Amino acid sequence: MSAPTAPTEDRASSAPPDGTKQSPDRSKRVPLSAIARRRSLTGWAFIIPAAALIVLVNFWPMIQALFLSLQTGRGTRLTWAEPLWLNYQRLFEDETFRLTMSTTFIYLIVQVPIMLILAMVLANLLNAPWLRFKGFWRTAIFLPCAVGLVSYALVFRQIFATDGLANDLLIKFGLLDDNVNWLGQTGTARMVIILGLLWRWTGYNMIFFLAALQNIDRSTLEAARVDGANGFKTFWYVTMPQLKPIILLCAILSTNGTLQMFDESFNLTNGGPGNTTMTVSHYLYNVSFRNSPNFGYAAAISYAILIIVAVLAAIQMKVGDKRD
Amino acid sequence: MTKTQLRRIPAYAFLSLAVFLSVFPLYFMAVSATNTSNEVVASKLLPGSHLVENFQTLVDSQPLWSALYHSSVNAILTTLLALILCSIAGYAFEIYHSRAKDAVMGILLLAIMIPFAATMIPLFRLFAQLGMVNSTFAVIVPLIATPFLILLFRQASRTFPHEIIEAARLDGLGEVSIFSRIYLPTMKPTLAAAGVITFLFSWNNFLWPKVILVDNAYQTLPMLLSNMRAGYVTDYGSLMLAVFIVSVPTMVVFLLLQRHFAEGVTGAIK
């Protein structure tokens, strides 16, 4: 009876208590015996600690934040707002909210497409059968991901300081005549943040694309070649459709990440000059924990972020799902 | 050189440029850690001889050891607890599969979409009410159960043969023993990937520790770095050394386990 290779079905017919649970056909209804019920309970016991914790640190606070966003007051003395949507009304009149939100969108719209295209190009190069020293290239390009966000923000801050390395090198090679105050002007400061994001995250996305490329069925590529498709056509019509799910995943994760970006804004530029590089999450932090905290209004800002993340994810899934 | 080989030159050139840009800021960081503040500002790109001096300045002016201790405790506890909780949950979702559990998994996955910004303030208020501001518990609790890790372990369990579990049951092994003694040892790549992800995330986490660790006595390494940046007088040599010290453990962990990491990621997205 202890033969490890005995098929499940056989055992189910000869000894019902053993075969009831692990039927490979999941839609089939099997009567629950005492043992199976106990196993199901064991399963729940294994799941509940993690599940309860996820509810406690994600769903419960999310609902709390909704109630909080309908209240006003300083510090811990909070009362229901009058009217209830007062904090949301305030969002539309808040210049800083509008500024930080549009800055965040600039980061999103400029950085994410460039990063995903770069990552895709690099992943395809690394997947080329003729490429040598694959491990070296992959490790080196992925290496920035091993560095913390605060750490790299400080290194970039150093490099792009007025008397920093970027200016020195650009002047040395004759590309600049004079020092540029990169972090002191809105346009260049935003550019430095985008460069930082590209540096930190391109390799990360590349690893996902590379893993997906390696899972593509080689025979589909062979078939395309036999049919006379060139390299680019093969990539566009055969490889890309198969990569759609992973591109969608990376796009959603990047969108989510950008809207929550805090460390770079806080440490690289500290939001300056004049709040023009500040992300909306950085602003949220300031409203929550700087000077006199306004938790009610901060919660309304956090809900605005939540809604935008959800809407953007829904749009991306809709676009990503479209059949061509 | 053949024509095909010629055509590959741009590819190698592009990869070389990508590698150079990826590694150069890290090289600058490492080199600057050995130079004086003035040399860093003068963009010296060669290693200097002021490493010991910078280290002395750093240790004298900053609570480096305390921050290192707190960061290590937080990261190690988070990683251990996350591996235990998420591996057993991911295993159960697959092995004790049922429709109700599938539904629960679907709901839990929604949590991936909840931005931390939306949960931060209520979490802070919760721990404040419990009197747990500044506690290790409050720092690590939001990080130890993540739907992503559970998903990683559930996907990895898909390929685990059920016959082995059946056989172990017939041999009289309990359900917990089957998990810990038979299943877990086969999951080393997944454990490594999940461990690396969690350790790096906890070690580098900045916003939540900054919110919940109000007292600077409990500050973690990223908080220490950020405070050094905000200080009035900055010694750039020791600042870069501090950045270097914070980055070394994560780079070592990453380089040692990156093969497993790639395998784990591949498994998760299959």
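**Close-up views of chains A and B**

**View 1. A membrane-annotated stretch of chain B, residues 105-127**. From one end to the other, the C-alpha atoms of residues 105-127 of chain B are 27 Å apart, with 78% of the span in helix and 0% in strand. Do keep in mind as you look around that this is a predicted model. The unreviewed UniProt entry labels these residues "transmembrane region", along with others in chain B including 12-30 and 133-153.

**View 2. Residues 73-93 of chain B, another stretch with the UniProt label "transmembrane region"**. Here the chain is 100% helix and 0% strand, and its end C-alpha atoms are separated by 30 Å.

**View 3. Where chain A meets chain B**. Chain A brings 80 residues to the contact and chain B brings 77. On the chain A side, helix H3 (residues 34-68) gives the largest share, with 19 residues. That side of chain A is made up of 51 nonpolar, 23 polar and six charged residues.

**View 4. H3(A) crossing helix H7 (residues 116-129) of chain B**. The two axes come within 8 Å and cross at roughly 85 degrees, so H3(A) is roughly perpendicular to H7(B). Residues to look for include Val57(A), Pro61(A) and Leu68(A) on H3(A), and Ala118(B), Ile121(B) and Pro122(B) on H7(B). This helix contact has nine nonpolar residues, three polar and no charged ones.

**View 5. Confidence along chain B**. Mean pLDDT for chain B is 90, and 95% of its residues reach 70 or more. Confidence is lowest in helix H1 (residues 3-7), at a mean of 77, and highest in helix H8 (residues 136-140), at 96. The model scores ipTM 0.89 and pTM 0.87.

How values were computed:
Residues numbered from 1 in each chain as written. Chains lettered and ligands numbered in written order. Predicted model: local features only at pLDDT ≥ 70, side-chain atom pairs only at ≥ 80, totals over all residues. UniProt positions renumbered as here; feature names shortened; annotations may be inferred. Helix = DSSP H or I, 4+ residues; strand = E, 2+ residues; numbered from the N terminus. Contact = placed C-beta atoms within 7 Å. Nonpolar A, V, L, I, M, F, W, Y, C, P; charged D, E, K, R; others polar. pLDDT = per-residue confidence, 0-100. Axes fitted to C-alpha atoms, helices over the stretch in contact; angles between N-to-C directions. Parallel < 35°, antiparallel > 145°, perpendicular 65-115°, else oblique.
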